[in-house]
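Biologist: Hello! Could we go through this structure together, from its open and closed spaces to its packing?

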Amino acid sequence: MTPSPEHSSRAGMYASLMADLIAVRVDPDRSVELAQMHGFAGVDLRLSSQIEWIEKFGVDRLAGMIRDAGLRPGYGSMLTRTLSARAEDWDVSMGQLPRVCRAAQALGFQRAGVVVMPFDDRLDHAANRRRHLDRLAEAAPILAEHGIRLGLEYVSPLTRRLDGTFTFIYSLADTLELIDESGQDNVGLMLDSFHWHCAQESTEDLASLPAKKIVVVHVNDAPEGVGRNKLDVRRRELPGDTGVIDLPGFVRALASTGYDGPVTAEPTHPRWPEMPESLAMRQTSEAVRGCLEFAASM
């Protein structure tokens with residue numbers, strides 16, 4: 001029997017699928033089919049990189065598929081992967097952003113995410129901060145015109161910034177400062193349990209956040225037997241697989257804020273490309289939905 005999504009009729013957080021985070025690289029229509037088939041309540045899409053496909057397929061047609069599948073739009077990638085992308089890549093992204101936003105709005109997406117890298121090889125902290133603020137000032141108003149909020153994801157593992165010439169933001173508190181300094185009302189956080197764990201932040205840190213500051217949530221677990229300062233973003237487990245990360249505390253703290261958006265697994269691990277699609281989907285769906293049971297048990 002095909003599992004039914006725990007979806008839109010229920011308030012609160014919901015399990016959403018970004019297929020390529022488990023190395024399932026498919027077109028958006030197939031993402032919708034897989035999300036429905038495997039019991040997800042929402043679907044996330046790479047809108048910027050797939051905009052031509054979406055327009056050719058038909059925005060209204062894809063919106064109808066999402067609606068008929070009983071899914072909620074989760075979040076979309078609408079910019080470059082990071083805010084410190086090369087200038088030429090950023091310019092291309094900004095050139096197509098209005099087009100991407102129009103499609104996102106028609107599809108019902110109100111959330112986007114982008115990564116804040118914790119280092120830079122050319123710019124010191126002050127110059128890099130200025131670049132981030134300038135880019136937020138450029139992108140956020142266009143997103144806001146289409147009713148879209150942008151979540152910033154900080155990257156906290158020590159292993160991710162050791163090789164950088166200049167260290168940049170890698171904690172919740174510093175990311176909040178950047179958001180406040182930007183002055184953009186539609187900019188908030190893309191929270192990831194792995195980065196929260198590596199930064200040694202607390203459930204109280206999360207619970208103190210206003211729900212409007214939380215745009216997107218990623219969940220995963222850390223491998224056993226690896227010290228916190230040795231953890232690597234390229235080896236993350238499915239949420240609940242090891243119990244190294246306090247996911248019950250993480251999820252309950254988010255629920256206490258009133259966050260009602262997508263929760264997406266990001267278990268970046270080398271095994272995914274070798275795993276059969278159906279098994280990867282089943283394991284991920286069960287892991288994320290199981291994770292959300294912590295909120296339901298409050």
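Modeller: Happy to; this is a predicted model, and we will take the pocket, the cavity, the core and one serine in turn.

Biologist: Which strand gives the most to the lining of the largest pocket?

Modeller: The largest pocket has a volume of about 530 Å³, and 25 residues line it. Those nearest its centre are Arg46, Arg81, Val115, Glu153 and Glu266. With three residues, the element that gives the most to this lining is strand E4 (residues 111-116).

Biologist: By class, how many residues in the lining of the largest pocket are charged?

Modeller: Let's split the lining by class. There are 10 nonpolar and eight polar residues in it. The charged residues number seven.

Biologist: What volume does the largest cavity have?

Modeller: The structure holds one cavity of 30 Å³ or more. Among the residues lining the largest cavity are Ser16, Leu17, Phe40 and Thr284, and strand E1 (14-17) and strand E10 (262-265) each give two or more residues to that lining. The volume of the largest cavity is about 40 Å³.

Biologist: How many charged residues does the lining of the largest cavity have?

Modeller: The names include Met18, Leu21, Ile22, Thr264 and Ala265. By class, six lining residues are nonpolar and three are polar. The count of charged residues in the lining of the largest cavity is therefore, by the class rule that takes Asp, Glu, Lys and Arg as charged, no residues.

Biologist: Which helix gives the largest share of the largest nonpolar core?

Modeller: This core has 90 residues, and Leu47, Met78, Leu97, Leu107, Leu152, Leu191 and Phe250 touch the most other members. Eight of the core's residues, its largest share, come from one helix: H4 (residues 87-107).

Biologist: Which residues does Leu47 touch, not counting those up to four places away in sequence?

Modeller: Leu47 is one of the core members that touch the most others. With residues up to four places away in sequence left out, its partners are Ile54, Gly76, Ser77, Met78, Val100, Ala104, Leu107 and Phe109.

Biologist: Is Ser285 buried or exposed?

Modeller: Ser285 belongs to helix H10 (residues 277-296). Leaving aside neighbours within four places in sequence, Ser285 is in contact with His38, Gly39 and Phe40. Its relative accessible area is 1%, and because buried means under 20%, Ser285 is buried.

Biologist: Which residue's side chain makes a polar contact with the side chain of Ser285?

Modeller: Here we look at side chain to side chain. The contact spans 3.0 Å, and the partner of Ser285 is Arg289.

Definitions and conventions. Residues numbered from 1 in each chain as written. Predicted model: local features only at pLDDT ≥ 70, side-chain atom pairs only at ≥ 80, totals over all residues. Heavy atoms only, no water. 1 Å grid on protein atoms, 1.4 Å probe; cavity = no way out; pocket = protein on both sides within 12 Å on 5 of 7 lines; lining within 4 Å. Points joined across faces, edges and corners; volume = space filled by probe spheres on them. Helix = DSSP H or I, 4+ residues; strand = E, 2+ residues; numbered from the N terminus. Core = buried A, V, L, I, M, F, W, Y, C linked by side-chain atoms within 4.5 Å. Buried < 20%, exposed > 50% of the residue type's maximum accessible area, 1.4 Å probe, protein only. Contact = heavy atoms within 4.5 Å. Polar contact = N/O pair within 3.5 Å; in protein donor to acceptor, adjacent residues only side chain to side chain.
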